[in-house]
Every structure is written in C-alpha cells, then in structure tokens.
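Colleague: Could you take a close look at one part of this model, the packing of its interior, and then follow it outwards? Please give the cut-off behind each term.

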Amino acid sequence: TVTLFAANNYVQPGDTITLTWANVSPTAGDPVIKCSSKATGGIIGVALNGTATAAESVSVATKGVFDLSVKATGGAMYVGDYVFAAVGGLGTCTATLDDTNSGLIFGVLLEAISSGETDTVNVMLLQPSHL
C-alpha cells in the first residue's frame, strides 16, 4: 500500500495550519480569512486559538463543520446555499459571514435562516477553488 508519507516532500494533512496576521489575530472560534483580494484567492477557516494580538501565530482549521454566526441579508437562506465572507485585506483576520456575493465563498449552509435574521448555524468550510 502506498501512503502520502512515502513522498519525501509530504508536510502535513492541512486540516489545521498556522497563520499570522500583521495587525490583530483572531480569537478562538472566529471565522477568518487570509488573503489580499478576491482576485488573488485566499485561505478560509476557523481560529482554534488566539488572543487578538498583533503578529500572533494562530492555529486555523481549514476543513470541517462549525457553528458560526451568519446573516441572511438578501432573503431566506437554505441548506446548501453558499455563505460568503468579506475580504478586508491582509491585515484583517475576522470575517463577517452572510449571503452577499461580494467576497470569498466561505462555506455551505447546513441549516436554514429566515430573511433578515442573523443566526448561529452549521457551516461546512470550503476553500476557494476558483476566481
């Protein structure tokens, strides 16, 4: 049987990575983005630690399902709808999640939200795959 570990350049699974933000780091449980613009792609995730300190290294989950605050701004949201996060630049870490298609796709909604409501719901993370 061949495994990933047979490759001499294998580093890690990538389910959790360490990121650093220049201005302020996130705190545990925050949805986060690491990118400079929508056009350049990015990394999305949920902070697993952090104390809102400048230049702090934070462990970030890049896969999984998390309870996150999401706002349905343009009407009701349903299971399977994309959840988006605004792109604030490299110095910004925490993300506001909603249904506004102006940022990166952050994940997929696993619970419905009524129009105009902000609810804490299950979101399955999706890494940006195209722009």
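Modeller: The chain has nine strands and zero helices. Helices (H or I, at least four residues) and strands (E, at least two) are DSSP runs, numbered from the N terminus. Read along the sequence, the pattern is β-β-β-β-β-β-β-β-β.

Some ground rules. This is a predicted model: local features need pLDDT of at least 70, side-chain atom pairs count only at pLDDT 80 or more, and totals for chains, interfaces and linings use all residues. Residues are numbered from 1 along each chain as its sequence is written, and side-chain values use heavy atoms, with hydrogens and water left out.

Confidence comes next. pLDDT is the predictor's confidence in each residue, from 0 to 100. Its mean over the chain is 85, and 85% of the residues reach 70 or more. Strand β9 (residues 118-125) has the highest confidence, at 97. Strand β2 (residues 31-34) has the lowest, at a mean of 86. Where pLDDT is low, the predicted coordinates should not be read in detail.

Now the interior. Of the 131 residues, 34% count as buried. Buried means under 20% relative accessible area, exposed over 50%, and partly exposed in between (1.4 Å probe, protein chains only). A nonpolar core is a set of buried Ala, Val, Leu, Ile, Met, Phe, Trp, Tyr and Cys residues joined through side-chain atoms within 4.5 Å. The largest such core has 19 residues. Within it, Val70, Leu97, Phe106 and Val123 touch the most other members. Strands β3 (43-47), β5, β6 (82-85), β8 (104-109) and β9 each give two or more residues to this core. A second, separate core has seven residues, including Ile17, Trp21, Val58 and Val60.

Take Val123 as the probe point. Leaving out residues up to four places away in sequence, Val123 touches Gly64, Val65, Phe66, Leu68, Val70, Val83, Phe106, Gly107, Val108 and Leu109. Contact here means heavy atoms within 4.5 Å. Long-range contacts show up across the chain too: of those with a separation of 6 or more, 64% join residues 24 or more positions apart.

Val65, one of those partners, leads out to the surface. Val65 sits in strand β5 (residues 65-71). Val65 is partly exposed, because its relative accessible area is 44%. Together with Val79, Leu110 and Met124, Val65 makes a nonpolar surface patch of about 320 Å². Patches are made of residues with over 30% relative accessible area and no salt bridge; like charges are joined within 9 Å, nonpolar side chains (Val, Leu, Ile, Met, Phe, Trp, Tyr) within 5 Å. The chain as a whole exposes about 7000 Å², and carbon and sulfur atoms supply 53% of that. These areas come from the Shrake-Rupley method with a 1.4 Å probe; for residues, only the protein chains shown count as cover.

Glu111 gives another link between Val79 and β9. Glu111 lies in the loop between β8 and β9. Glu111 counts as partly exposed, at 31% relative accessibility. Among residues over four places away in sequence, Glu111 touches Asp67, Val79, Val121 and Asn122. Glu111 and Val123 are 12 residues apart in sequence and 7.9 Å apart in space, C-alpha to C-alpha.

Then the charges. Side chains of opposite charge can pair when their charged atoms come close. The structure holds one salt bridge, a term that needs a side-chain nitrogen of Lys or Arg within 4 Å of a carboxyl oxygen of Asp or Glu. Lys63 and Asp15 form it, with the closest N and O atoms 3.3 Å apart. Lys63 lies in the loop between β4 (57-61) and β5, and Asp15 in the segment before β1 (16-20), so the pair ties together parts 48 residues apart in sequence. Asp15 is partly exposed, at 37%.

Last, the loop between β3 and β4. Thr51 lies there and counts as exposed at 52% relative accessibility. Thr51 and Thr27 are 24 residues apart in sequence but 5.0 Å apart in space, C-alpha to C-alpha. Check the backbone as well. Most residues other than glycine have a negative phi. Ala52 has a positive phi, near 55°, and Ala55 has one near 60°. Ala52 is partly exposed at 42%, whereas Ala55 counts as exposed at 53%.
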